[in-house]
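Got your viewer open? Keep the selection box handy, and we'll walk through the model stop by stop.

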Amino acid sequence: MVSVIIPTYNYGLFISQVLQSLQNQSYHNWECIVVDDGSTDDTKQNVQEWIEKDQRIKYFSQQNAGPSAARNYGISQSKGDYILFLDADDLIECDKLKSHVDVLEKYNDVDIAYGDARYFTDGKPDELFYSLQPENKPWIKKYSGNGRGLINTIIRQNIMVISSPLIRKNVLAESGLFDTKLLKLEDWELFQRWAINDFIFQYVDAPQSLVLVRTHEKSFSYDKKGMQSYFLPIAEKQFSNYKLNFKNRIYFFLRMVEEYTDLAINFIINSSYKPLHYYKINKFILPVICILLLPVYLVIKIFRLLCKPFQNG
């Protein structure tokens with residue numbers, strides 16, 4: 001059985017369309033877990049109407065804690081062998097579940113089956129495009145396998161949207177759940193852990209199996225500055241991961257220095273900096289120290305990272 005987990009916050013306007021796309025699936029052995037993350041609109045009433053028609057749909061609510069916490073709660077309530085995370089404003093084509101389940105059941109060594117996606121503007125579902133960039137080029141990577149090549153690819157750029165992968169539930173048991181401190185880019189950070197933990201990915205190129213990502217004024221995808229603000233905590237978290245090789249650590253190190261320097265310049269020019277991610281205030285004083293005492297900072301950071309594998313051992 002597939003457990004489809006839908007976190008939602010004030011998306012009552014879209015939730016019925018999402019549930020309709022799920023009910024239209026050619027694969028019927030699924031349950032849907034809607035986790036209401038403290039909505040103040042008519043989300044609950046709309047979901048309850050669907051529950052009366054389809055008992056496979058279940059509704060849970062929690063105080064507002066972000067999409068990561070909502071998905072983690074949904075995982076705790078799930079009963080399926082496979083998990084799909086579906087955003088409350090997106091849609092999936094009718095063979096999405098079937099095509100991905102077929103791959104996981106045919107190939108026992110594959111842990112994650114994922115497919116392509118298209119974007120559409122709210123109100124224009126028939127006009128699909130590849131990306132949010134002006135050039136409208138495909139960006140989702142068609143990668144099958146695991147190992148260094150996948151790690152090198154995924155730590156530099158996300159390879160899929162959150163609703164792309166269908167995963168075996170045991171993947172989450174081994175890799176851990178979503179980082180609840182990350183309000184954006186939480187999917188990318190989780191995908192990185194899957195790659196680093198050597199799980200096998202399989203790209204599924206099947207008709208009628210696309211994720212259809214809705215774009216509208218509330219879309220996280222349009223909040224580029226907000227997403228960028230979460231790069232630094234992800235970089236520092238993965239930079240200290242003892243499973244990364246030297247080359248990837250150098251990559252994260254250089255990106256961290258760049259981000260810290262940007263924070264420091266902002267701090268010096270504006271005299272203050274409103275943090276957009278979850279680090280404490282000492283993390284924002286550190287950029288200033290990084291500029292003034294950069295050589296010392298680099299030596300200390302490298303020493304700490306070299307010691308990390310022994311501390312974890």
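Among contacts between residues at least 6 apart in sequence, 77% join residues at least 24 apart, where a contact means heavy atoms within 4.5 Å. Before you click further: this is a predicted model, in which local features need pLDDT of at least 70 and side-chain atom pairs count only at pLDDT 80 or more, while totals for chains, interfaces and linings use all residues. Numbering starts from 1 along each chain as its sequence is written, and side-chain values use heavy atoms, with hydrogens and water left out.

Now colour by secondary structure. You should find twelve helices and eleven strands; these are DSSP runs numbered from the N terminus, with helices being H or I over at least four residues and strands E over at least two. Switch on a surface, and the chain exposes about 15,200 Å², of which carbon and sulfur atoms supply 54%. That area is from the Shrake-Rupley method with a 1.4 Å probe. Of the 313 residues, 51% are buried; buried is under 20% relative accessible area, exposed is over 50%, and partly exposed sits in between (1.4 Å probe, protein chains only).

**First helix pair**

Select α1 (12-23) and α2 (residues 43-53). Their axes are 8 Å apart and the helices pack at an angle of about 25°; axes here are lines fitted to C-alpha atoms over the stretch in contact, and angles run from 0 to 180 degrees between N-to-C directions. α1 and α2 are therefore roughly parallel, the word for angles under 35 degrees (over 145 is roughly antiparallel, 65 to 115 roughly perpendicular, the rest oblique). Show sticks for G12, I15, S16, L19, Q20 and Q23 of α1, plus T43, N46, V47 and W50 of α2, and you have the contact. What mix of nonpolar, polar and charged residues is in it? The contact divides into four nonpolar, six polar and no charged, with Ala, Val, Leu, Ile, Met, Phe, Trp, Tyr, Cys and Pro counted as nonpolar, Asp, Glu, Lys and Arg as charged, and the others, Gly among them, as polar.

While you're here, click N10, in the loop between β1 (2-8) and α1. N10 has a positive phi, near 55°, without being a glycine, and is buried at 18% relative accessible area.

**A buried arginine**

Next, go to R71 in helix α3 (residues 67-77). Is R71 buried or exposed? It is buried, with a relative accessible area of 3%. Beyond its neighbours within four places in sequence, R71 contacts I5, P7, F85, D87, I162, F178 and E186. Try the distance tool on R71 and D37: 34 residues apart in sequence, 9.6 Å from C-alpha to C-alpha.

**Second helix pair**

Select α7 (residues 186-196) and α9 (residues 231-239), whose axes come within 11 Å and cross at roughly 20°. That makes α7 roughly parallel to α9. W188, E189, Q192, R193 and I196 of α7 meet F231, I234, K237 and Q238 of α9. This contact holds four nonpolar, two polar and three charged residues.

I196 and Q238 turn up again around L244, which also touches I151, F239, R249 and F252, not counting residues up to four places away in sequence. L244 sits in the loop between α9 and α10 (246-270) and is buried at 6% relative accessible area.

Last stop: Q208, in the loop between β10 (201-203) and β11 (211-215). Q208 has a positive phi of about 55° although it is not a glycine, and at 41% relative accessibility it is partly exposed.
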